[in-house]
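Q: I am new to this structure. Please take a close look at the cavity and its lining, then show me some other spots to visit.

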Amino acid sequence: MGWGNKRLNEAAAVCAAQLPAVGLIWWIREQLGDDYAYGGAYGGAFGLACLLVVAPLLVPVLGLLHALAQVVPAEALARRTARRARGPVWAWHLGFGVLLGGAWAVPAALLWDWSFTATAPLAAALGVLPVLGLGWLRRPTRGSRAVWLPSLLASVGLFLLVFVGGVLATVTGVVEEYEPPKLSAAQLAGEWHGSGGAVLRLRPGGEAELTALPAETEPAGSAPSFAVCDGTATWRPDAEGGHDPDADGPEGRPGVVVRPTGGCGRQTYWRIGGTETAPELFVPFGDPDAPDVRILKRVP
């Protein structure tokens, strides 16, 4: 069977069916991760509400793009392979769909610095339900309604399933609230890199070197801007977060106090984020309601 308009419409519909649930999973993952001291539950809920408003217009387009990127070429490969090897076309289609999904994780890792080991299984899994759905749609259908109505019902069902599962996992404690890693001075010492060529080298003993590193230019609490600094500095860990400008009390988020010594910028508090295996340092500069968050990642 060739890929005419009817079959491409079916492929777009089965791909679109899973996208709202995938978007909800992504949103839940972001809420459970580090919010970099910005956004919170209200910001996340507002973002989800906006997404639901535009979803009816956006999801069909994304479904078509997904079909063209993964499902359509996978079936073309499956039909060519089935003519030369044993096995049903749908099985080859499923296998090639998974392989192509994993392959798309390569440019994602190179262009956007996404983790290949985390992205590849997720991208591969996105090809499973569309292939199975297309197998079910091989029976005769009558017009777009016969394709998109089941897609809509399946989409709502998957979305509710993920939503209820996420609520139950949170209430029962299966999924725990994010906590920043606890890093000692020895663990903090080393080289940290950020965007724009920013480098922070924390030396044992409290000395530091700065390369294109942003540093505050106004006192904390007055919508600080930042300067880009080179040179030397002193640093010390703050395990209790007493220097955290956003702390409600004497204790805040653990971090690192960096004080430039060359006259460029003021003392800057870099909060600890990320995970134990992939720690980060970050500062939200500028407007507290829409900060410019600068992130440094540890160089192994």
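A: What follows starts at the cavity and then moves on to the strands, the loops and one helix. Keep in mind that this is a predicted model.

Begin with the cavity. The structure holds 1 cavity of 30 Å³ or more. The volume of the largest cavity is about 40 Å³. Its lining is made by Gly 194, Ser 195, Ala 198, Pro 214, Arg 294, Ile 295 and Leu 296. By type, the lining divides into 4 nonpolar residues, 2 polar and 1 charged. Arginine counts as charged, and Arg 294 is part of this lining. Glycine counts as polar, and Gly 194 is also on the list. Which element gives the most to the lining? Strand β8, residues 292-298, does, with 3 residues.

Pro 214 is a good place to step off, as one of the lining residues. Strand β3 covers residues 207-216, and Ala 212 is found in it. Look at the backbone of Ala 212. Its phi is positive, about 50°, although Ala 212 is not a glycine. For context, most residues other than glycine have a negative phi.

Now go to Thr 268. This residue has its place in strand β6. Is Thr 268 buried or exposed? Its relative accessibility is 2%, and buried means under 20%, so Thr 268 counts as buried. Its side chain has two polar partners to look for, both on the backbone. One is the backbone nitrogen of Glu 216, which the side chain reaches at 3.0 Å. The other is the backbone oxygen of Arg 266, 3.1 Å from a polar atom of that side chain.

Next come three loop residues. Gln 267 sits in the loop between β5 (255-260) and β6 (268-274). With 29% relative accessibility, Gln 267 counts as partly exposed. Find Val 257 as well. Val 257 and Gln 267 are 10 residues apart along the chain, and 6.9 Å separates their C-alpha atoms.

His 243 belongs to the loop between β4 (226-238) and β5. This histidine is partly exposed, at 32% relative accessibility. Trp 270 is 27 residues from His 243 along the chain. The C-alpha atoms of His 243 and Trp 270 are separated by 9.6 Å.

Ala 278 lies in the loop between β6 and β7 (279-285). Ala 278 also counts as partly exposed, at 43% relative accessibility. Its C-alpha atom is 9.3 Å from that of Val 299, a residue 21 places away along the chain.

Last, turn to helix α1, which runs over residues 5-32. How does its length compare with what should be expected? At 1.5 Å a residue, its 28 residues should span 40 Å. The end C-alpha atoms are 41 Å apart, so the span agrees. The helix also has a kink of about 30° at Leu 19. That kink comes shortly before the proline Pro 20.

Gln 18 is in helix α1 too. Its relative accessible area is 5%, and the cut-off for buried is under 20%, so Gln 18 is buried. Where does its side chain reach? The side chain of Gln 18 reaches the backbone oxygen of Leu 126, at 2.8 Å.

Key: Residues numbered from 1 in each chain as written. Predicted model: local features only at pLDDT ≥ 70, side-chain atom pairs only at ≥ 80, totals over all residues. Heavy atoms only, no water. 1 Å grid on protein atoms, 1.4 Å probe; cavity = no way out; pocket = protein on both sides within 12 Å on 5 of 7 lines; lining within 4 Å. Points joined across faces, edges and corners; volume = space filled by probe spheres on them. Helix = DSSP H or I, 4+ residues; strand = E, 2+ residues; numbered from the N terminus. Expected span 1.5 Å × (residues − 1). Bend = angle between axes of the 7 residues up to and from the residue. Buried < 20%, exposed > 50% of the residue type's maximum accessible area, 1.4 Å probe, protein only. Polar contact = N/O pair within 3.5 Å; in protein donor to acceptor, adjacent residues only side chain to side chain.
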